[in-house]
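Here's a quick walk through a protein chain, written for someone who would rather look at a model than wade through a table of atoms. Have the picture open while you read.

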Amino acid sequence: MPPGRGRKKIEFERADRLKKLPPYLFVEIDRKKRLAQKRGMDLVDLGIGDPDLPTPARIVEKLRREALRLENHRYPSARKLEEFSAAAARWFGRRYGVKVNPATQVLPVIGTKEGLGHFPLAFVNPGDVVLIPDPAYPVYHSATVLAGGVSKRLPLREEDGFLPDLDRVDKRTRARARILFLNYPNNPTAAVADRAFYRSAVEFALENRIILVNDAAYAEIAYDGFKCPSLLQERGAFEVAVEFHSLSKTYNMCGWRVGFAVGNADLIAGLAKLKSNIDSDVFGAVLGAATTALRTGGPHLKKTLRIYEERRDILVGGLREMGWDVRSPEATFYIWLRVPGGQGSVRFASDLIRSAGVVTAPGVGFGEMGEGYIRMSLTCGTGKIRQAVRRLKKAGSRLKS
Ligand code: PMP
């Protein structure tokens with residue numbers, strides 16, 4: 001029968017696991033943003049966390065040369081993967097003073113989102129509990145749901161420095177938990193973890209036989225000379241933990257899709273087995289350019305950090321002048337702000353669009369504990385940030401009412 005005529009449209013029902021995924025929580029803000037743009041409003045967008053700066057020219061040039069090589073037109077070669085893992089292991093050793101075996105303790109991923117998104121499929125059985133911070137980057141929960149697991153939220157409270165209180169996890173939950181996800185430096189709160197916290201998290205994981213995953217996508221985005229520690233620097237960490245590192249923010253390579261997992265060899269092997277059934281690794285030319293980034297990207301990163309520092313100081317300074325009690329972030333390119341007057345975060349973010357033309361991310365989009373906060377990002381130029389401050393100041397009295 002020819003398609004279409006006389007036949008009812010076939011409805012393809014989605015799998016139950018897909019239906020269980022939470023709705024996209026920034027819908028309302030996106031709608032307000034589009035509406036304002038339609039009305040001809042010129043918006044300053046501090047809502048998204050996608051670096052605006054270009055990838056260093058040397059890395060782009062390496063990609064251009066790699067793209068011309070026949071080897072890279074085929075499936076990624078073992079040689080390219082090994083070279084990348086070796087560069088990642090050397091980078092990790094230089095950066096944290098921790099020696100890792102590139103063959104067994106490092107795995108390239110197609111961006112940390114891919115690695116984190118697939119990890120629970122390799123280690124979570126239906127009904128297993130996964131401990132997830134709240135607020136959080138949404139992938140930990142989605143990945144848990146897709147693996148048939150059950151998320152248990154660990155609140156991140158301002159008074160605890162946005163670190164989860166692991167002592168509060170009850171016995172039953174500890175017994176059922178398979179994974180504890182951490183993310184430091186943290187999106188959205190911009191909090192950093194110190195070595196004492198990592199030590200207690202490793203002890204918790206060892207004691208309860210739980211896998212520890214630290215999403216370190218922002219590990220290199222830190223200011224005033226501060227260097228974030230790695231979870232893997234703690235004694236016993238290699239028995240229970242993996243850490244995910246990304247090139248996206250460090251070298252302004254979000255679009256390139258490349259990062260790596262590093263840590264316990266069995267966890268790395270499990271994720272590698274899962275991935276080998278789903279994808280065929282990172283494009284060889286990207287691997288080649290990413291290898292160059294890990295080997296030579298240090299000086300460029302310093303410049304990037306100075307740029308973010310300047311933006312941070314303008315925005316934090318401006319907000320403080322307006323009387324907002326703002327913590328200046330030590331790391332990440334986010335500012336996590338308490339909404340004045342106890343208003344809802346979606347309502348407040350909508351008001352900022354309407355009255356100041358400034359887009360922010362409402363905290364509740366990152367989880368219930370994010371309610372009462374908004375997130376601003378430093379991923380636009382100083383001109384735009386100054387403009388945002390001027391507009392917020394102008395709208396200030398209206399916002400506080
Ligand atoms: N983790 C966090 C906390 C993030 O905010 C993001 C991206 N915004 C990612 C991981 C994903 O990064 P990648 O580009 O490496 O997939």
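What follows starts with the whole chain, moves on to its domains, and then stops at a handful of residues.

**The whole chain**

First things first: this is a predicted model. DSSP-style bookkeeping splits the chain into 14 helices and twelve strands. Its radius of gyration is 22 Å, close to the 21 Å the globule rule gives for 401 residues, so the chain is as compact as a globular protein of that length. If you boxed up the C-alpha atoms along the principal axes, you'd need roughly 65 × 60 × 55 Å.

How much of the chain is buried? Of the 401 residues, 56% are buried. Then there's the question of who touches whom: among contacts with a separation of 6 or more, 75% join residues 24 or more positions apart. The accessible surface adds up to about 19,000 Å², and carbon and sulfur atoms own 52% of that. As for charge, the chain carries 65 positive and 44 negative charges, and the mean positions of the two sets sit 5 Å apart.

**Two domains**

The domain assignment gives domain 1 as 16-54 + 299-396 and domain 2 as 57-296. So where are they relative to each other? Taken over C-alpha atoms, the centres of domain 1 and domain 2 are 25 Å apart. They do touch: 34 residues of domain 1 are in contact with 33 residues of domain 2.

Gly297 is a good place to stop here. You'll find Gly297 in the loop between helix 11 (284-296) and helix 12 (298-321). Its relative accessibility is 5%, and with the buried cut-off at under 20%, Gly297 counts as buried. Beyond its neighbours within four places in sequence, Gly297 contacts Tyr251 and Thr292. Tyr251 is 46 residues away from Gly297 in sequence, yet their C-alpha atoms are 7.0 Å apart.

Asp224 is another one to click on. Asp224 lies in the loop between strand 6 (211-215) and helix 9 (237-240). Is Asp224 buried or exposed? At 58% relative accessibility, it counts as exposed. Setting aside neighbours within four places in sequence, Asp224 is in contact with Glu309 and Arg312. Asp224 and Glu330 are 106 residues apart along the sequence but 7.5 Å apart in space, C-alpha to C-alpha.

**Two buried residues**

His118 sits in helix 5 (residues 112-123). With a relative accessible area of 18%, His118 is buried. Which residues does His118 contact, leaving aside neighbours within four places in sequence? They are Leu271, Leu274, Lys275 and Ile278.

Val169 belongs to the loop between strand 4 (150-155) and helix 7 (171-176). Val169 is buried too, with a relative accessible area of 6%. Not counting residues up to four places away in sequence, Val169 touches Leu131, Leu154, Arg174 and Phe204. Of that set, Leu154 is 15 residues from Val169 in sequence and 8.1 Å away, C-alpha to C-alpha.

**Backbone oddities**

Now for some backbone angles to check by eye. Here are two cis peptide bonds and two positive phi values in residues other than glycine.

| Site | Backbone feature | Angle |
|---|---|---|
| Asp134 to Pro135 | cis peptide bond | omega near 5° |
| Asn187 to Pro188 | cis peptide bond | omega near 15° |
| Asn252 | positive phi, not a glycine | phi about 55° |
| Arg257 | positive phi, not a glycine | phi near 65° |

Where do these sites fall in the fold? Pro135 is in the loop between strand 3 (129-134) and helix 6 (139-146). Pro188 is in the loop between strand 5 (177-182) and helix 8 (195-208).

Asn252 is in the loop between strand 7 (241-246) and strand 8 (259-263), and Arg257 is likewise placed between strand 7 and strand 8. Asn252 is buried, with a relative accessible area of 6%. Arg257 comes in at 30% relative accessibility, so it counts as partly exposed.

Notes
Residues numbered from 1 in each chain as written. Predicted model: local features only at pLDDT ≥ 70, side-chain atom pairs only at ≥ 80, totals over all residues. Heavy atoms only, no water. Helix = DSSP H or I, 4+ residues; strand = E, 2+ residues; numbered from the N terminus. Rg over C-alpha atoms; globule rule 2.2 N^0.38 Å. Buried < 20%, exposed > 50% of the residue type's maximum accessible area, 1.4 Å probe, protein only. Contact = heavy atoms within 4.5 Å. Areas by Shrake-Rupley, 256 points an atom, 1.4 Å probe, with all protein chains shown as cover. Lys, Arg positive; Asp, Glu negative; His and termini not counted. Charge placed at Lys NZ, Arg CZ, Asp CG, Glu CD. Domains from an automatic or database assignment.
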